[in-house]
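Please look through the sequence and the structure shown here before reading on. The report moves from the whole chain to one residue and then to a patch on the surface.

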Amino acid sequence: MAERAKFRLFPQKQGFFPFVWAVYLVLPILNLRGETGMKLILGGIMIAVFALSYRQLYWVRGGVFNVWLIIQMLLIVVLSVFYTPYNLYMGFFTANFIAYYTENKGFKIAFTSFVIMILSVLFLVGRGMEWESVIFLAPFIVIMLISPFGVRSMNRNQKLEKELDQANEVIKELVKREERMRIARDLHDTLGHTLSLITLKSQLVEKLVTKNTERAQEEAREIQRTSRAALRQVRELVSEMRAVSVAEELAEAGEMLRTAEIALEVEGDISLEGVSDLTQNILSLCIKEAVTNIVKHSRADKCFIGVAKLAGEVRITVKDNGIGLQHGEKGNGGLNDGNGMKGMAERLSLIDGSLSLSSAEGQGAKLIVAIPLIVKDAQGGETA
């Protein structure tokens, strides 16, 4: 059985705004003071229907929206003519909803009807009003007539900003996708032939190893030369990409943490001289992801980042003093953000890197990222 939808008085996306405006419904209720009998009852019913129309206009669209707006304007006319002209203030509610018309035709029709409503009330009750009251009402009427344009402009700007944000996200995804496709094409064109050659030569060595040892050794040496050439091609391909160094990323991380009022302590030689651009780029991405998760989820006020270049690896340690991993299953435990950790692991797997995540109660989370160093062999080649 399908679960019943939770009742809401107003749409959640509207926040507290509708509730604030609803307070002003007290004014027409106060204007009923002094009324008695059937007139008091009918006045209360009309105000109740007006309140219902106010609620419904936040939820409905199309023809139903038009019907509720017409009902609202008719109620304002009746309450202003037969009770007090000061109920014309209720037109501020209607002015807000007129701005909901996005098409110019619908907006013009609704606004024209709104103007006719105000003029009708002024014509029917204005002659019996004192000049002081008319002068008192005049500024509010002017503001009431201007407000649909202001609210409509504000709504349009908010919509444009939202569409711009969505467009920027789409552009980012398209750029990422294009970059992946370019890298894939470059790798295929650069390494496809080389790897195929290595495969064929390794199969030949397997056949020659028992028949012609010298030829097998020569082919094995050829495989080594080919593999070194392939590794150089990969490094050349990577060098053409925009690589972010660990030092650069730490500077950006410090700015992000300062904005979030989180103190940063960095320890170690952040220059990482001799470490390849590819390794530094992946380490930088891991630092960015870790710091982003700390800012979003950890509730920490301190962050420590350690950089160490050891004999066979580069190690990055990121710690915070936040809530740790107790909410990790929901993705709210500081460093333990599901998608972020998965992304780190995927990047690190490309260069045989590893990561570990731990947390002690009351001591935040600790992330360690380790990547093997690439060193040069005696013949000028490269090996892990």
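The paragraphs below describe this predicted model, beginning with its overall make-up.

## The protein as a whole

The protein in this predicted model contains 11 helices together with 7 strands. Of its 384 residues, 35% are buried, while the area that the protein exposes comes to about 23,900 Å², with carbon and sulfur atoms supplying 59% of that area.

When contacts with a separation of 6 or more are considered, 66% of those in the protein are accounted for by residues that stand 24 or more positions apart.

## A buried methionine

M344 belongs to helix α11, which covers residues 338-349. Because its relative accessibility is 0%, and buried is defined as under 20%, M344 is counted as a buried residue.

Which residues is M344 in contact with, once its neighbours within four places in sequence are left aside? They are C286, E289, A290, L355 and L367. For one of these contacts, E289, the separation can be given in two ways: M344 and E289 are 55 residues apart in sequence, and their C-alpha atoms are 7.7 Å apart in space.

## A charged patch on the surface

Turning from the buried residue to the surface, we find a negative patch that is formed by E161, D165, E169 and E173. One of these residues, E161, lies in helix α7, and this helix takes in residues 131-208.

Conventions
Residues numbered from 1 in each chain as written. Predicted model: local features only at pLDDT ≥ 70, side-chain atom pairs only at ≥ 80, totals over all residues. Heavy atoms only, no water. Helix = DSSP H or I, 4+ residues; strand = E, 2+ residues; numbered from the N terminus. Buried < 20%, exposed > 50% of the residue type's maximum accessible area, 1.4 Å probe, protein only. Contact = heavy atoms within 4.5 Å. Areas by Shrake-Rupley, 256 points an atom, 1.4 Å probe, with all protein chains shown as cover. Patch = residues over 30% accessible without salt bridge, like charges linked within 9 Å, V, L, I, M, F, W, Y side chains within 5 Å. Salt bridge = Lys/Arg side-chain N within 4 Å of Asp/Glu carboxyl O. Lys, Arg positive; Asp, Glu negative; His and termini not counted. Charge placed at Lys NZ, Arg CZ, Asp CG, Glu CD.
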